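Here is my note on the structure, set out as numbered points. Please keep the sequence and the model open beside the text as you read.

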Amino acid sequence: MRSPRGGICRAAAGGGGAQEHVDLIPGIPDDVAVDCLARVPHASHRALRRVCRGWRSAAAAPSFASARAAAAANEDLVYMLQFGNPSAASDADKDDAPANAPAYGVAVYNVTTGEWRREPGAPPVVPVFAQCAAVGASVAIIGGWDPRSFEPVADVHVLDASTGTWRRASPMASPRSFFACAEAGGKIYVAGGHDKHKNALKTAEAYDPVADAWDPLPDMSEERDECDGMATVAGDRFLAVSGYRTARQGGFERDAEWFDPAARAWRRLERVRAPPSAAHVVVKGKVWCIEGTAVMEWIGMRRGWREVGPYPPGLKAGTARAVCVGGGEKVVVTGAVDGEEGGGRHAIWVFDVKGKSWTVVRPPPEFAGFVFSVASVRI
C-alpha cells in the first residue's frame with residue numbers, strides 16, 4: 001500500500017491491522033528521498049523502477065515530474081525516426097522483410113547530456129516515412145509505408161517516455177503517408193498526405209492519447225500532399241502548411257490552412273510558405289522557417305517573413321527537420337552535411353534562441369542516417 005508520505009506501507013508484525021511505514025531511503029524523510037530520486041538521470045530510470053515497489057511508485061506518481069523540474073533535473077530528449085537505425089527486431093521479424101527494405105528505427109538524442117541511444121521496445125518494423133509527435137511524455141509514431149508492401153498504413157504506436165513502455169494505439173481512420181502532423185492543444189493532428197494510389201488527400205483527423213480515440217475532422221479546402229504540420233501561435237490550433245494537389249505533383253503551394261477547434265472549421269492563410277525545401281517549427285508561439293540563407297520568422301500576411309538568425313552552417317538545403325526543445329530555449333535541426341558524397345552523413349544543429357548561435361553535433365556513425373520526422377519531450 002502506498003504511504004501518504006510517498007513510501008510503502010506493509011502489515012506490521014503481530015497483525016491486528018497495524019501498518020508499518022517503509023522509507024523510500026532508510027533514515028531519510030520521503031520528501032527528501034523523492035528529491036534525490038528525481039535527480040537520477042533519465043537513462044537510469046528503468047533500473048530505478050526495478051529497485052523496489054516504493055521507488056517504482058514514486059517514479060510513477062504525477063508529482064515526480066514536478067520534483068524533477070523543481071530540482072532542475074529535467075532532460076530534453078529528441079526522438080527521431082531514422083533511416084539506417086533499425087529497432088531491436090528479432091531475426092524472424094527481419095527475415096520477413098525484403099532484402100532491399102529500408103531499415104527505419106527510433107533514435108533518441110539527449111540534448112541535455114549529449115547522449116545517443118536506440119529506443120528499446122520500439123515496434124519491430126517501424127513504417128517508412130512515418131510521422132512522430134509528442135503530447136506531454138507520450139510519443140506517437142503514426143502512418144507511413146509498410147516496408148514490406150510499400151503501401152501506406154494507418155498504424156499508431158505510442159511510447160510513454162517517462163516509463164519506456166510502448167502500446168499499440170487505435171489506428172487512423174484511413175492509411176496515409178507524407179502528411180502534416182503536429183500536437184496542438186493536447187491532441188495530435190494529421191492532415192493531407194496521400195493514399196496508396198498516390199492521390200493527394202484533404203482529409204484530417206485528431207488523436208486524443210488519453211482516450212486513445214480519433215476524431216474525424218472536416219476536410220481542408222485543398223488537397224495537400226507533403227505538407228508540413230505545426231501548432232499555431234497560441235499553441236492550441238493546428239496548421240497545415242503548403243503541399244500540392246494530385247494534378248500538380250511537386251507544385252508546392254505558398255499558403256496554409258489552420259483548424260479552428262471551436263468552430264470545427266479550416267481557415268486559410270496566405271504567404272505562409274517559404275521555399276519548398278524549408279523546415280518549419282514553432283518557437284515561443286512564432287512560426288520559424290529554416291531555409292537556404294537564414295532562419296526566418298513569419299510576422300503576418302501583410303509583412304511576410306523577417307530574418308531572426310543565421311542559417312545552420314554546413315546544412316545541405318532541402319534535408320532539414322526541426323523541433324523546438326526546452327520550452328523554446330533551443331531549436332534542434334537534423335539534416336545532411338553539405339558537400340559529402342552519396343547523400344553524406346547527417347548531423348544535428350542546435351540553435352541557441354537567445355544567443356542566436358548554432359552548435360554542430362556530429363552523431364556516432366550508427367546515428368548518422370537520414371531523419372524523416374522528429375519530436376521532443378522534456379522528462
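Which residues does UniProt list for "domain: F-box"?

1. The UniProt record, in an unreviewed entry, lists residues 27–62 for "domain: F-box". Please bear in mind throughout that this is a predicted model. In the model, the span 27–62 is 61% helix and 0% strand, and its end C-alpha atoms lie 24 Å apart.

2. Helix H1 covers residues 30–38, and its buried residues are Asp30, Ala33, Val34, Leu37 and Ala38. These residues cover an arc of only 140° around the axis, so they are placed on the same side of H1. As general background, an α-helix has 3.6 residues a turn, so residues three or four places apart point the same way.

3. The largest nonpolar core has 23 residues, and those that touch the most other members are Tyr79, Leu81, Tyr104, Val106, Phe129, Val139 and Val377. At least two residues of this core come from each of the strands S3 (76–83), S4 (104–110), S6 (131–135), S7 (138–142) and S26 (371–378). Another core, of 20 residues, lies apart from it and includes Ile290, Tyr311, Val337 and Ala347.

4. Which residues does valine 139 contact, once its neighbours within four places in sequence are left aside? They are Tyr79, Ala133, Ala134, His157, Val158, Leu159 and Val377. Strand S7 is itself mostly covered, since four of its five residues are buried.

5. Strand S7 pairs with S6 in the antiparallel sense over five bridges, and alanine 133 has alanine 140 in S7 as its bridge partner. The hairpin of S6 and S7 has two residues between the strands, and glycine 136 there takes a positive phi near 60°. S7 also pairs with strand S8 (residues 156–160), again in the antiparallel sense and over five bridges, with isoleucine 141 standing opposite histidine 157 in S8.

6. Strand S26 is mostly covered as well, with six of its eight residues buried. S3 and S26 form an antiparallel pair over seven bridges, in which valine 78 has serine 376 of S26 as its bridge partner.

7. Two phenylalanines deserve a careful look at their backbone angles. Phenylalanine 129 has a positive phi of about 60° although it is not a glycine, and this residue is found in the loop between strand S5 (116–118) and S6. With a relative accessible area of 18%, phenylalanine 129 is buried, because the cut-off for that word is under 20%. Phenylalanine 178 likewise has a positive phi, of about 55°, without being a glycine, and lies in the loop between strand S9 (165–168) and strand S10 (180–184). Its relative accessibility is 15%, so phenylalanine 178 counts as buried.

8. In what order do the strands of the open four-stranded sheet stand? The order is S22-S23-S24-S25, and the pairing is antiparallel. Strand S22 (321–325) and strand S25 (357–361) stand at the edges with a single partner strand each, so one side of each is left without a neighbour in the sheet. From one strand to the next, the twist averages 25°. Within this sheet, strand S23 (residues 330–336) and strand S24 (residues 346–352) pair in the antiparallel sense over seven bridges, and the bridge partner of lysine 330 in S24 is aspartate 352.

Key:
Residues numbered from 1 in each chain as written. Predicted model: local features only at pLDDT ≥ 70, side-chain atom pairs only at ≥ 80, totals over all residues. Heavy atoms only, no water. Core = buried A, V, L, I, M, F, W, Y, C linked by side-chain atoms within 4.5 Å. Buried < 20%, exposed > 50% of the residue type's maximum accessible area, 1.4 Å probe, protein only. Contact = heavy atoms within 4.5 Å. Pairing = 2+ DSSP bridges. Axes fitted to C-alpha atoms, helices over the stretch in contact; angles between N-to-C directions. Arc of directions from axis to C-beta. UniProt positions renumbered as here; feature names shortened; annotations may be inferred.
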